[in-house]
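Let's take a walk through this protein, from the overall picture down to a few individual residues. Keep the 3D view open as you read.

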Amino acid sequence: MPQVSGKSYKFYAIGISYRKADAEMRGSFALSDTGISNLLEQAKAEKIPSLAVISTCNRTELYGFAQDPDDLIQLLCAHSHGTMEEFENIAYIHEEDAAIKHLFMVGTGLDSQILGDFEIIGQLKLAFKKSKKIGLLNAYMERLINAVIQSSKRIKTETQLSSGATSVSFASVQYILNEVENAQEKKILLFGTGKIGRNTCENLIKHTQNKQITLINRTKDRAERIAGKFDLVVRDYAELEEEIAGTDIMIVATGAQNPTVSKNLIVTNRPLLLLDLSIPRNVDPDVSELENVTLIHLDELSQITESTLENREHFIPQAQEIISQIIAEFDTWRESRKFAPTMFALKNKLSILKDAEIKSNRTKINNFNQEQADVLADRIIQKIAGHFANHLRDEDENTQQAIELLNKVFKLDAQTIPHE
């Protein structure tokens, strides 16, 4: 448990996810990239020792050290549209070992809405990297995320938990293939070319062989880069209404904080299938008032890959065993960190004693060689510290008592013990 200015902190994972929060509520707590940056900057100003934040279509979570979980909850509510009262009704708070286990479950796809979705580990990597860049990631959390990444890699290579393509982008294409006759001949409009939009575009071309796909993005050059790769058509954002009128299937993945498509944009009577892959919702529910429109949200899409998911479930125990092994390794490292500050303080104390003895005796001993004395004394200090470290490492149940005894015998100054 790290200390800062004498204050004790615990590791927490707090947040909301698809498990208890519907799409609307997840949208209330969703954070934009700017929102995450502002939250991290405030956390740094408030002396939070270490913090990482992730916000996806299925979850918004904070992982970090705090004296009280309310410190993290208040940060989340201050930078989202959610309230403390709403959070209490739909959220979860995990502490210490439970928080560690939760992060492993999330990072390996075992807690994903679509089981085995390995896109989440990439998002976690970016979240922790962002915190490290601004000096808000301590050694504990950096070691922890590396352990989670290691688990994800092993599960990916040693099990078939990720067998079969299931993701939000694939689920949308699967839905089209299952529900739309002659899907390869339909006109498709993809609005939004962020990560989900790009993946959806690739899946559309791969699985439907449909080249009648038009891309629209607020930033046209991003759409043009993707269109060039697949030889697709790009239209200006100003042409959105006109393009909707001529399309059969529209996929919306704009990543906006407010709806970008509403019924006043739909001026056609032809049947239109609208797939909203966004959190918060980017399609206003009022489009359902139009008889010719079928609106499907990603929460519904996530239910269509049952056969693939049933196959994946067989590999959950194997994945959990890998996680248990790596958590055990992390726990060993974590235990060693408990006495690392004491060893740091002990070496400091012994060095002070060494310097005092050398200063006292260098004028009393003929031909005194301070350089040799320093080297010899430092070797003795290392050997003494090494013996104590081995003893602490072997003390399974009484490590804390041994640390307290060392502190008492050598009168170690607690202020010299660094936090994580």
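Start with charge: the protein carries 48 positive and 59 negative side chains, and the centres of these two sets sit 9 Å apart. Bear in mind as you look around that this is a predicted model.

Now zoom out to the overall build. You'll find 16 helices and twelve strands in the protein. The radius of gyration comes out at 28 Å, while the globule rule gives 22 Å for 420 residues, so the protein is more spread out than a compact globule. The box that holds the C-alpha atoms tells you about the outline too: along the principal axes, it runs to roughly 105 × 45 × 40 Å.

What about inside versus outside? Of the 420 residues, 48% count as buried. The exposed surface adds up to about 21,300 Å², with carbon and sulfur atoms supplying 46% of it. As for how the chain meets itself, take the contacts between residues at least 6 apart in sequence: 71% of them join residues at least 24 apart.

A good place to go in for a closer look is Arg-59, which lies in strand S5 (residues 59-66). Is Arg-59 buried or exposed? Its relative accessible area is 3%, and the cut-off for buried is under 20%, so Arg-59 counts as buried. Setting aside residues up to four places away in sequence, Arg-59 touches Ile-16, Ser-17, Tyr-18, Ile-54, Tyr-92, His-102, Val-106, Asp-111, Ser-112 and Ile-120. You can also check the spacing between Arg-59 and Gly-27: they are 32 residues apart in sequence, and their C-alpha atoms are 9.4 Å apart in space.

One of those partners, Asp-111, deserves its own stop. Asp-111 lies in the loop between helix H5 and helix H6 (119-133), and with a relative accessible area of 10% it is buried as well. Leaving out neighbours within four places in sequence, the contacts of Asp-111 are Tyr-18, Arg-19, Arg-59, His-102, Met-105 and Val-106. Compare the two contact lists and you'll see Tyr-18, His-102 and Val-106 in both.

His-102 and Val-106 bring us to H5 itself, where both are among the buried residues. Helix H5 (residues 97-107) is mostly covered, with eight of its eleven residues buried. Besides those two, the buried set holds Ala-99, Ile-100, Leu-103, Phe-104, Met-105 and Gly-107.

The two flanks of H5 are worth a look at the backbone level. Ahead of the helix, Glu-96 lies in the loop between strand S6 (92-95) and H5, and its phi is near 50 degrees, a positive value in a residue other than glycine. Just after H5, Gly-109 takes a positive phi of about 85 degrees. For context, most residues other than glycine have a negative phi, and most peptide bonds are trans.

Two further spots go against those habits. Asn-182, in the loop between helix H8 (168-179) and strand S7 (188-191), also has a positive phi near 50 degrees; at 43% relative accessibility, Asn-182 counts as partly exposed. Then there's Pro-280, in the loop between strand S11 (272-276) and strand S12 (293-297). The peptide bond leading from Ile-279 into Pro-280 is cis, with omega near -5 degrees.

Back to helices, with H6 next. Lys-129 is found in helix H6 and, at 62% relative accessibility, counts as exposed. Lys-129 and Glu-142 are 13 residues apart along the chain, with 9.1 Å between their C-alpha atoms.

Helix H7 covers residues 139-158. How far should its 20 residues span? At 1.5 Å a residue the expected figure is 28 Å, and the end C-alpha atoms are 28 Å apart, which agrees. Buried in H7 are Tyr-140, Met-141, Leu-144, Ile-145, Ala-147, Val-148, Ile-149, Ser-151, Ser-152 and Ile-155. When you look at that list, remember that an α-helix has 3.6 residues a turn, so residues three or four places apart point the same way.

Finish at helix H14 (residues 316-361), where you'll find Glu-335. Glu-335 is partly exposed, with a relative accessible area of 37%. Glu-335 and Leu-62 are 273 residues apart along the chain, and their C-alpha atoms are separated by 24 Å.

Notes:
Residues numbered from 1 in each chain as written. Predicted model: local features only at pLDDT ≥ 70, side-chain atom pairs only at ≥ 80, totals over all residues. Heavy atoms only, no water. Helix = DSSP H or I, 4+ residues; strand = E, 2+ residues; numbered from the N terminus. Rg over C-alpha atoms; globule rule 2.2 N^0.38 Å. Buried < 20%, exposed > 50% of the residue type's maximum accessible area, 1.4 Å probe, protein only. Contact = heavy atoms within 4.5 Å. Areas by Shrake-Rupley, 256 points an atom, 1.4 Å probe, with all protein chains shown as cover. Lys, Arg positive; Asp, Glu negative; His and termini not counted. Charge placed at Lys NZ, Arg CZ, Asp CG, Glu CD. Expected span 1.5 Å × (residues − 1).
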